[in-house]
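Trainee: Could you walk me through this structure? I'd like to learn how to read its sheets, its helix packing and its ligand site.

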Amino acid sequence: MGLLLKMAGRNLLRNRRRTLIATASIMFAAFFAITMTSIQKGTWQHTIESMLHNYTGYIQIHALGYSENQSIDLLLENNIELIKRIDQIPQVDKSMTRLENFALISAKDRTKGVMIVGVEPQAANEFSGIEAQLIEGRYLQSQSNDVIIGKNIASNFQLNVNDTILGISQGYHGNNAVGKFIVCGILDFGNPDFNSQIILTPLSHAQSFYAADNLYSTIVLSTKSIDDVPQVANALSQTLDSTMYEVRTYKEMIPSLIEVQLLDKASSRIILAILYILIGFGILGTVLMMLHERNFEFCVLKAIGMKSYQLFWMIFIEILSIGFIGLICGSLLAFPILIYLYNFPIELGEKITEAYARFNIVPLIKASIDQTIFFEQSIIIFIMVLFISFYPYIKITQLDPVKGMRQ
Amino acid sequence: MKTDQPLIQALGIHKTYNHSHVPVQALDDVSIDIHKGEFTAIVGPSGSGKSTLLNIIGGLDHASRGKILIGGQDISNLSDSDLIDFRKNNIGFVFQSFNLIPVLTAIENIEFIMLLQGTSKAKRSKRAIELLNAVGLGDKLHSRPNQLSGGQQQRVAVARALASKPAFILADEPTASLDSQSANNLLDIMQELNQLEQTTFIFSTHDPRVMDRAERIIHLVDGNIEKDSYTNGNIKQPTLKQLP
Ligand SMILES: Nc1ncnc2c1ncn2[C@@H]1O[C@H](COP(=O)(O)OP(=O)(O)OP(=O)(O)O)[C@@H](O)[C@H]1O
Ligand SMILES: [Mg+2]
């Protein structure tokens with residue numbers, strides 16, 4: 001084995017220029033694939049995470065059936081034990097509860113359907129940074145009948161801070177929900193739908209408005225990394241009684257965005273596949289040239305007693321080395337760029353930033369530092385090497401020393 | 001010196017190549033016995049079938065008809081993979097040129113064949129050094145083939161052929177690409193190994209300077225043995241054809 005490795009190394013050095021070209025092409029492919037994949041992943045991650053932090057969260061837990069008809073009768077009882085158990089899952093970052101329902105509001109002779117949402121003021125602010133998005137007024141104080149309204153609601157109703165709103169809705173178990181709210185702030189959610197539909201109020205006030213003391217509709221979670229979501233969802237499904245609770249991940253909650261992401265991923269996969277096929281054929285060409293040049297040498301080796309598989313192994317090591325040296329060089333080249341883009345994402349031009357501001361997202365080109373991307377590329381390159389080695393394998397098993405040496 | 005059971009028996013070997021529309025009859029009913037310790041030259045004009053005969057004896061090529069027995073074992077029916085093992089363990093090969101693996105040094109080239117045989121590292125290097133000393137290249141252990149002259153490369157090839165402790169060594173025109181001094185030098189070494197160690201050598205040549213050195217000379221003409229003689233003038237077998 002030692003001698004075979006030595007031979008492979010020296011053979012690679014024997015025709016340095018060719019080795020260099022072959023290695024460089026793999027390096028280029030690996031560099032391109034790794035940077036592209038990780039920037040794509042990082043950028044999407046940033047976009048989706050910012051979006052989810054606005055309101056949705058990464059995972060939501062409801063009473064079973066809630067997501068289908070969003071009935072005020074399908075609520076969860078305040079259960080400190082349960083929240084504790086959820087917070088104990090190691091990948092869970094933040095959790096909070098919300099009470100959501102539709103309501104009619106009226107002010108200054110106008111009426112409109114909105115969502116009056118009870119939130120834990122402090123937790124919600126930590127989760128979404130609401131206070132920083134206020135256009136006017138101040139943030140919610142707990143135990144008050146404060147509301148923060150979306151900026152479109154404010155303009156529709158021509159509402160200002162300290163104005164009063166009347167709300168009417170269906171409360172828990174057929175109760176009437178009627179109440180008075182005082183506008184304490186006007187908010188730009190960064191999302192037109194939210195701006196014209198959402199009204200935030202302290203959870204305790206929402207509970208008394210909806211006659212749902214100690215009840216809430218939703219537990220909202222975020223995880224340390226968005227990649228942890230499937231794992232956490234799994235853990236939740238296992239700890240929670242499936243006849244009482246339902247667990248929904250962001251993928252079910254923002255399906256159209258996820259679809260766009262998948263489409264984007266698929267198109268870049270196609271580009272990468274074409275790149276790898278082109279480069280694979282390039283390497284195959286080099287390998288064919290090498291086989292041709294060393295035909296006589298291989299014939300002698302077979303004549304003196306080297307088996308086809310031993311001969312193949314020798315060549316395989318060479319091709320594999322080219323592949324992995326290329327991969328390592330490509331990764332080393334990509335690494336500093338990705339680290340940089342991870343720590344200092346590129347901000348896009350003003351126009352794009354404006355367009356995205358509607359969604360309360362700062363559009364960034366960001367890289368993801370994720371070693372699975374490296375492993376994925378190693379596997380792809382290994383498979384490519386296997387494919388490229390197929391021809392030499394056939395060629396070597398069919399090699400006839402007598403014929404080969406006569407030429 | 002010669003035992004009764006021949007080391008190599010070729011029995012009625014025919015070889016026809018059918019690659020072109022005109023079949024080429026390279027060997028036409030060739031039978032020979034070669035005993036252990038013989039130093040045999042196969043000579044004849046170009047195209048007379050020398051290489052074909054050596055290749056068939058060495059298990060590199062199959063006869064169209066006839067049998068090859070090595071130490072009594074019929075190798076005609078071995079599978080390709082078994083033949084490779086058979087060659088590795090029983091036959092040493094020296095070809096006309098480019099015998100060596102270019103990226104390995106002299107000593108590594110010799111160790112390589114022993115590695116294929118599964119010899120331990122310590123034994124390998126000990127034997128490789130002995131053999132390189134025996135062929136007069138004790139000072140070139142770590143030279144690569146391209147740092148050696150043609151004659152030196154052929155000597156390394158002989159050393160490699162010996163390394164696997166084969167039953168015999170086949171050398172197809174080992175001196176053809178050498179100047180006469182190197183050719184003589186190589187023959188000296190082969191002869192010495194033959195005399196000291198009883199190594200059986202069969203080599204082909206059409207070089208008159210070299211064929212005189214053989215103990216036995218087999219003349220091939222058009223795929224037939226025309227004459228089979230020992231250098232003491234003893235004609236071993238009457239040839240089928242009448243001499244002119
Ligand atoms: N693979 C082959 N295909 C077709 N014909 C062949 C093949 N190998 C040998 N021959 C023919 O068989 C005959 C014997 O060839 P061989 O190589 O054995 O001769 P040789 O005595 O070794 O010649 P030389 O001295 O030139 O090496 C020649 O006519 C040759 O053209
Ligand atoms: Mg020949």
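Mentor: Sure, we'll take the features one by one, and keep in mind that this is a predicted model.

Trainee: Let's begin with the six-strand sheet in chain B. What is the order of its strands?

Mentor: Reading across, the order is S6-S7-S8-S3-S9-S10 in chain B, and the sheet is open with mixed pairing. The edges are strand S6 (91-94) and strand S10 (224-230) of chain B, since each of them pairs on one side only. Ignoring direction, neighbouring strands here are turned by 15° against each other on average.

Trainee: Which way do S3 and S9 of chain B run, parallel or antiparallel?

Mentor: Strand S3 (residues 39-43) and strand S9 (residues 216-221) of chain B run parallel, with four bridges joining them. To find the register, look for B:Val43, which stands opposite B:His219 in S9(B).

Trainee: And what lies across S6 and S7 of chain B?

Mentor: That's helix H2 (residues 80-90) of chain B, which runs at about 85° to S6(B) and also lies across strand S7 (168-172).

Trainee: Chain B has a four-strand sheet as well. Which strands are at its edges?

Mentor: Strand S2 (24-34) and strand S5 (73-74) of chain B are the edge strands. The order is S2-S1-S4-S5, again an open sheet, with antiparallel pairing. Strand S1 (residues 8-17) of chain B pairs with S2(B) over seven bridges, and B:Lys15 has B:Leu27 in S2(B) as its bridge partner. Helix H1 (residues 50-57) of chain B packs on this sheet, where it touches S1, S2 and strand S4 (65-70), and its direction makes about 55° with that of S2(B).

Trainee: Now chain A. How do I read a hairpin there?

Mentor: Start with the general idea: in a regular strand the side chains alternate between the two faces of the sheet. Then take strand S3 (residues 92-107) and strand S4 (residues 110-119) of chain A, which run antiparallel and are joined by ten bridges. A:Asn101 stands opposite A:Ile116 in S4(A). Two residues sit between the strands of this hairpin, and A:Lys108 takes a positive phi near 45°.

Trainee: Which residue of S9(A) does A:Ile116 stand opposite?

Mentor: A:Ile199. Five bridges join S4(A) to strand S9 (residues 198-202) of chain A, and these two run parallel.

Trainee: What about packed helices?

Mentor: Two packed helices are described by the angle between their axes and the distance between the axes. For helix H12 (residues 255-293) and helix H16 (residues 371-398) of chain A, the angle is about 35° and the axes are 10 Å apart. The crossing of H12(A) and H16(A) is right-handed. Among the contact residues are A:Tyr276, A:Ile283 and A:Leu291 of H12(A), along with A:Ile380, A:Met384 and A:Tyr391 of H16(A). By class, the contact of H12(A) with H16(A) has 13 nonpolar, two polar and three charged residues.

Trainee: Last one: why is the site of ligand 1 shared between chains?

Mentor: The site is shared because residues from chains A and B surround ligand 1. There are 15 surrounding residues, and the closest are B:Ser46, B:Gly47, B:Lys50, B:Ser51 and B:Thr52.

Trainee: Which polar contacts should I look at there?

Mentor: Try the side chains of B:Lys50 and B:Ser51. A polar side-chain atom of B:Lys50 lies 2.7 Å from an oxygen atom of ligand 1, and an N or O atom in the side chain of B:Ser51 is 2.7 Å from an oxygen atom of ligand 1. For B:Ser48, go to the backbone: a polar atom there is 3.2 Å from an oxygen atom of ligand 1.

Methods:
Residues numbered from 1 in each chain as written. Chains lettered and ligands numbered in written order. Predicted model: local features only at pLDDT ≥ 70, side-chain atom pairs only at ≥ 80, totals over all residues. Heavy atoms only, no water. Pairing = 2+ DSSP bridges. Axes fitted to C-alpha atoms, helices over the stretch in contact; angles between N-to-C directions. Contact = heavy atoms within 4.5 Å. Left-handed = near helix turned anticlockwise from the far one by under 90°. Nonpolar A, V, L, I, M, F, W, Y, C, P; charged D, E, K, R; others polar. Near = heavy atom within 4 Å. Polar contact = N/O pair within 3.5 Å; in protein donor to acceptor, adjacent residues only side chain to side chain.
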